[in-house]
Amino acid sequence: MNETYQYQQQLEEAEDYKINNQENSIKDITNKVGKNSLRDIVINIIPIIGLFIIWHLIAIIIIKNRGVPFPTPLQTLVRFYELLRGDVYLKHTIYGHLLDSLIRWGTGFSLAAVIGMSIGVLIGWSKIFSKLIMPIVYILQPIPSLAWIPVAILLFGLGTKSTILIIFLASIFPIIINMAAGVKGVSKMYIRAAKMMGTNDRTLFLKVLLPAAIPHLLSGFRIGLANGWRALIAAEMIAATGSGVGYAIFQARWNFDYASAFVNIIVICIIGLTIERLIFTPIEKGTIEKWGMKRKED
C-alpha cells in the first residue's frame, strides 16, 4: 500500500511539474510576442517621425528663404481633418474626388487584366501569336504613360474615357509579358499528361496552365496596379475634368491651397499602401497556398 501511495504521489508531482512548465512556457512566449510586437511598432513609427521632422525643417527653410507658403505637417494634418470632416474642395468632398479616381483606376485596370491575360495566354500557347504580337508589345511597352495623353485626348477628348485609356495602356503590358512567361514556363510533361487523361482545353487552362502561371501573373498584376495608379494621377492632372485626386492636386496651384494638395498626396500614399498590404498581399498569399506552391505554416 505504501509503495502504491508513493507511486501515485510521484505521478501527481510529475503532472504538477509538467503543468507548471507549460504555464511558464506560455508566459515566456506571450512576453516574447509582446516585446516583439512593441519593438516592431517602434521600428515602424521611427521612420514616419523622421519623415515629419525633415518635412517640417524643409517647410521652414522654404518659407524663410523664398517666402513661399510651403505647408508644414501640422497645417497639412489640420487641413486633412477639415477635408475628412466633409469640407468641399473644387465642388467635391475629398470622398467624391477619391471615389471618382478609384472608379477610373478600377475600370482601366480590370480591362487591362482581362485583355492582358487573354493575349498573354495566346502568346504563351502559340508560337505564331508570339511572333506576331510580342514585337508589338516590346515596341509599345517602354512608352511612358504620359506620352499616351495626346493620343487619348485625340480619341476621346478630355474626360473619364481618356483617363481610363491611359490607365489601361499603363497596366496591360506587364500583365501580357508576365502571363506569357508563365504559360511558356509550364512543363510540357504536365500538358502531355493532362491531354492523355482526356482533358479538354478549358480544364487544361484552369487546372494546369493557370496554376503554373500564377506566380508570374501576380507579378504582372502588382506591376500593372502600380503603373495604373501612377498613370491615373498624371492623367487626371491633364485629361480629367472636374474631379479626381490628381485633378485636385493640379488645380491647387491656382488658389495657392497647397495644404489641400499635400493632403491628396497623403491620400495617394494611403491608398497605395492599403491596396498593396491589406488587399493584394493576402490575395497573393492565399492564391499561392491554394494551388500548393507554398506550404502552409503549421
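Which residues line the largest pocket? In this predicted model, the lining is made up of I48, L51, F52, W55, F80, F262, I265, I266, C269, I270 and L273. Two elements each give two or more residues to this lining: helix 1 (2-66) and helix 10 (258-290). Helix 10 provides the largest share, with six residues. The space in the pocket comes to about 300 Å³. By class, the lining holds eleven nonpolar residues, no polar residues and no charged residues.

Where does the largest pocket lie with respect to the two domains? Lining residues come from both domain 1 (1-70) and domain 2 (73-291), so the pocket lies between them.

The fold was examined next. The protein has ten helices and zero strands. Along the sequence, the pattern reads α-α-α-α-α-α-α-α-α-α. Of the 298 residues in the protein, 34% are buried. Contacts between residues at least 6 apart in sequence were also considered, and 72% of these join residues at least 24 apart.

The largest nonpolar core contains 58 residues. The residues with the most contacts inside this core are W105, I175, M179, F221, W229, V267 and I271. Helix 8 (residues 201-238) supplies the largest share of the core, 15 residues. One of the residues with the most contacts, F221, was followed further. Leaving aside neighbours within four places in sequence, F221 is in contact with F109, A113, M117, I175 and F280. I175 is also listed among the residues with the most contacts inside the core.

The partner F109 lies in helix 3, which spans residues 94-125. Is F109 buried or exposed? Its relative accessibility is 13%, so F109 counts as buried. Not counting residues up to four places away in sequence, F109 touches I167, S171, I175, F221, G224 and L225. F109 and A170 are 61 residues apart in sequence, yet their C-alpha atoms are 8.8 Å apart in space.

Helix 3 also holds G124. Why does G124 count as buried? The cut-off for a buried residue is under 20% relative accessible area. G124 counts as buried because its relative accessibility is 16%. With residues up to four places away in sequence left out, G124 touches A180, V183 and K184. Of these partners, V183 is 59 residues from G124 in sequence. The C-alpha to C-alpha distance between G124 and V183 is 5.0 Å.

A231 was examined in helix 8. A231 has a relative accessible area of 1% and is therefore buried. Which residues does A231 touch, not counting residues up to four places away in sequence? The partners are S145, I166, I167 and A170. I167 is also touched by F109. A231 and I164 are 67 residues apart along the chain, and 9.4 Å separates their C-alpha atoms.

Helix 9 covers residues 245-255. Which residues of helix 9 are buried? They are V245, G246, Y247, A248, I249 and A252. Just after helix 9 comes F256, with a positive phi of about 55 degrees. Helix 10 (258-290) begins further along the sequence, and six of its residues belong to the lining of the largest pocket.

How values were computed: Residues are numbered from 1 along each chain as its sequence is written. This is a predicted model: local features need pLDDT of at least 70, side-chain atom pairs count only at pLDDT 80 or more; totals for chains, interfaces and linings use all residues. Side-chain values use heavy atoms; hydrogens and water are left out. On a 1 Å grid over the protein atoms alone, a cavity is a set of points where a 1.4 Å probe fits but cannot get out, and a pocket is an open set with protein on both sides within 12 Å along at least five of seven lines; lining residues have an atom within 4 Å of a point. Grid points are joined across faces, edges and corners, and a volume is the space filled by probe spheres set on the points. Helices (H or I, at least four residues) and strands (E, at least two) are DSSP runs, numbered from the N terminus. Ala, Val, Leu, Ile, Met, Phe, Trp, Tyr, Cys and Pro count as nonpolar, Asp, Glu, Lys and Arg as charged, and the others, Gly among them, as polar. Domain bounds come from an automatic or database domain assignment. A nonpolar core is a set of buried Ala, Val, Leu, Ile, Met, Phe, Trp, Tyr and Cys residues joined through side-chain atoms within 4.5 Å. Buried means under 20% relative accessible area, exposed over 50%, partly exposed in between (1.4 Å probe, protein chains only). Contact means heavy atoms within 4.5 Å.
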